Amino acid sequence: MKAESVTIRPLQTFDKRVKVLGSKSYSNRYLALAALSGESTTIEGALVCDDTQFLAGALRAFGHVDVDIDAAAERITVTPTGRPMTAPAEEVYVGAAGTPIRFLISMAGHAEGTTVLTGTKRMQERPMGSLLEALPGLGVTAEAVRGNGSPPIKVTGPSFRGGSTRISGAVSSQFTSSLLVNATRAEQDTEVHVIDDLISKPYVEMTIAALAEMGVVVERDGYTRFKVAAGQKLRGGTVSVEPDASGMSYFLAAAAVLGGTVTIPGIGKSSKQGDVGLVEALVRMGCTAEVTDDSITLTGGELHGIDIDMETMPDVVPTLAVVAAFAQGTTHISNIASLRIKECDRIAAVTTELRKMGITVEEFPDAMTITGGTPQGTVIDTYDDHRIAMCFAIAGLRTEGVVIKDPGCVAKSFPTFWKTLDSLHDDDIASTL
């Protein structure tokens, strides 16, 4: 039976080397590309979590690939079946997996028949309209079943022929990534024109890097035009996934609030994950860091507030907000409107829970200001959002009496989080969650 809550054990300080699971973003990208490649592909260091499990299940449902998951070995193998890609007879349910459903909406355009994609109640509120408006330009008929721009989404194929289309980048960069990933199977050259400012640019950089790793070159004009020439072949074979920078953020934050030291191996200077930017933010707040080619070490210091634009690293905003609660002065985090349409409204959730801890927070439509103080213990509601659970768990390392409700929600991106958190303690009492 799943635990309804977990009480966080405070910790004085620590000096640890922490292994973080593979990048969720890269795992999703390689999994989608492997399914389109037509060749056997092994993804080493893959993150096996709810999101990648849902994507794997959807890919199997199309019938053209088998997907074998070895969670213990952190390995996913994708093997062509020799059968054509066919729309599943049943609705494809992806839970709360945002990146997978966006990739799958375009991918369904390659499958014979009509595919219906749906998810949780919250997923059925999340906007997909920009992607639906862009797909017809590439030949794909896709529509929201209820006419509201949100899942369930119905896609009719095979129709992803390529061509030229225009898309807004203002809601999610994942729409652009979805088109680029699926352009690899188009008959014609595919051009994607972004008609406004593209948010979360590092995620598109990760898509382009994953494509390049598998043999496909994307021509581009900055962030306004992307072209995938037809006829390029995605290679199979083996690809490797670096550690997840979003997952790493919680242990960087732990070092920051406790004045401890953490080293994360396997990720370093060359990473294109935008969330690595949290290291620089924490250094600005008073920490020190050493970033090498293959590791990141951060040591906490006397924390003070900063003014920071976090548009390029929205997933670590809750993490920084919790650190800010322990800093002297105020921290203003701006350009984060995209957090309103995540697994929950993360601006509202972080504001509510920090206020419950006695911290002063001003909430704005696309920003928040946190005045540091002395957080008090409380019961944290997690809104079925893995990132809320994990960031407030870090607060509990310094503050007595922090209780996290629905701790199992971390399975969405970091199923071993509680065990890894326990490893910071010298007695390392492994959680049974």
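Me: A cavity is a set of points, on a 1 Å grid over the protein atoms alone, where a 1.4 Å probe fits but cannot get out. How much space lies in the largest cavity?

Reply: Heads up: this is a predicted model, where local features need pLDDT of at least 70, side-chain atom pairs count only at pLDDT 80 or more, and totals for chains, interfaces and linings use all residues. Residues are numbered from 1 along each chain as its sequence is written, and side-chain values use heavy atoms, leaving out hydrogens and water. Volume here is the space filled by probe spheres set on the grid points, which are joined across faces, edges and corners. For the largest cavity, that comes to about 380 Å³.

Me: Which residues lining the largest cavity are the closest to its centre?

Reply: Lining residues are those with an atom within 4 Å of a cavity point. There are 31 of them here, and the closest to the centre are Thr99, Gln174, Tyr203, Asp315 and Lys342.

Me: Which helix gives the most to that lining of the largest cavity?

Reply: A helix here is a DSSP run of H or I with at least four residues, numbered from the N terminus; strands are E runs of at least two. Helix 1 (24-37), helix 3 (98-107), helix 6 (201-213), helix 7 and helix 11 (386-398) each supply at least two lining residues. The one giving the most, with three residues, is helix 3.

Me: How many charged residues does the lining of the largest cavity have?

Reply: Asp, Glu, Lys and Arg count as charged; Ala, Val, Leu, Ile, Met, Phe, Trp, Tyr, Cys and Pro as nonpolar; and the others, Gly among them, as polar. The lining of the largest cavity has six nonpolar and 13 polar residues, and its charged ones number twelve.

Me: What about the second largest cavity: which helix gives the most to its lining?

Reply: This one has a volume of about 40 Å³. Val20, Leu21, Asp244, Ser246, Gly247, Tyr250, Arg387, Met390, Ser413 and Phe414 line it. Two or more of those lining residues come from helix 7, and the same goes for helix 11. With three residues, the top giver is helix 7.

Me: Which helix provides the largest share of the largest nonpolar core?

Reply: A nonpolar core is a set of buried Ala, Val, Leu, Ile, Met, Phe, Trp, Tyr and Cys residues joined through side-chain atoms within 4.5 Å. The largest one has 79 residues, and those with the most contacts inside it include Phe251, Leu252 and Ile333. Eleven residues, the largest share, come from the run 245-258, which is helix 7.

Me: How many residues are in the second, separate core?

Reply: That core includes Tyr30, Ala46, Phe62 and Leu179. Its residue count is 69.

Me: Is Thr319 buried or exposed?

Reply: Thr319 sits in helix 9 (residues 317-324). Apart from residues up to four places away in sequence, Thr319 touches Ser249, Tyr250, Ala253, Leu278 and Cys391 (contact being heavy atoms within 4.5 Å). Buried means under 20% relative accessible area, exposed over 50%, and partly exposed in between, using a 1.4 Å probe and protein chains only. Because its relative accessibility is 2%, Thr319 counts as buried.

Me: How many residues of helix 5 are buried?

Reply: Helix 5 covers residues 174-182 and is mostly covered. Gln174, Phe175 and Leu179 are among its buried residues. Of its nine residues, the buried ones number nine.

Me: Which residue forms a salt bridge with Lys412?

Reply: A salt bridge is a side-chain nitrogen of Lys or Arg within 4 Å of a carboxyl oxygen of Asp or Glu, and the structure has 27 of them. For Lys412, the closest N and O atoms in its bridge to Glu343 are 2.8 Å apart. The pair links distant parts of the chain, 69 residues apart. Lys412 is buried at 7% relative accessibility, and at 11% so is its partner, Glu343.

Me: How many residues apart in sequence are the parts that Lys405 and Asp381 tie together?

Reply: Their salt bridge has its closest N and O atoms 3.0 Å apart. Lys405 lies in strand 23 and Asp381 in the loop between strand 22 (379-380) and helix 11, so the separation in residues is 24.

Note on methods. On a 1 Å grid over the protein atoms alone, a cavity is a set of points where a 1.4 Å probe fits but cannot get out, and a pocket is an open set with protein on both sides within 12 Å along at least five of seven lines; lining residues have an atom within 4 Å of a point.
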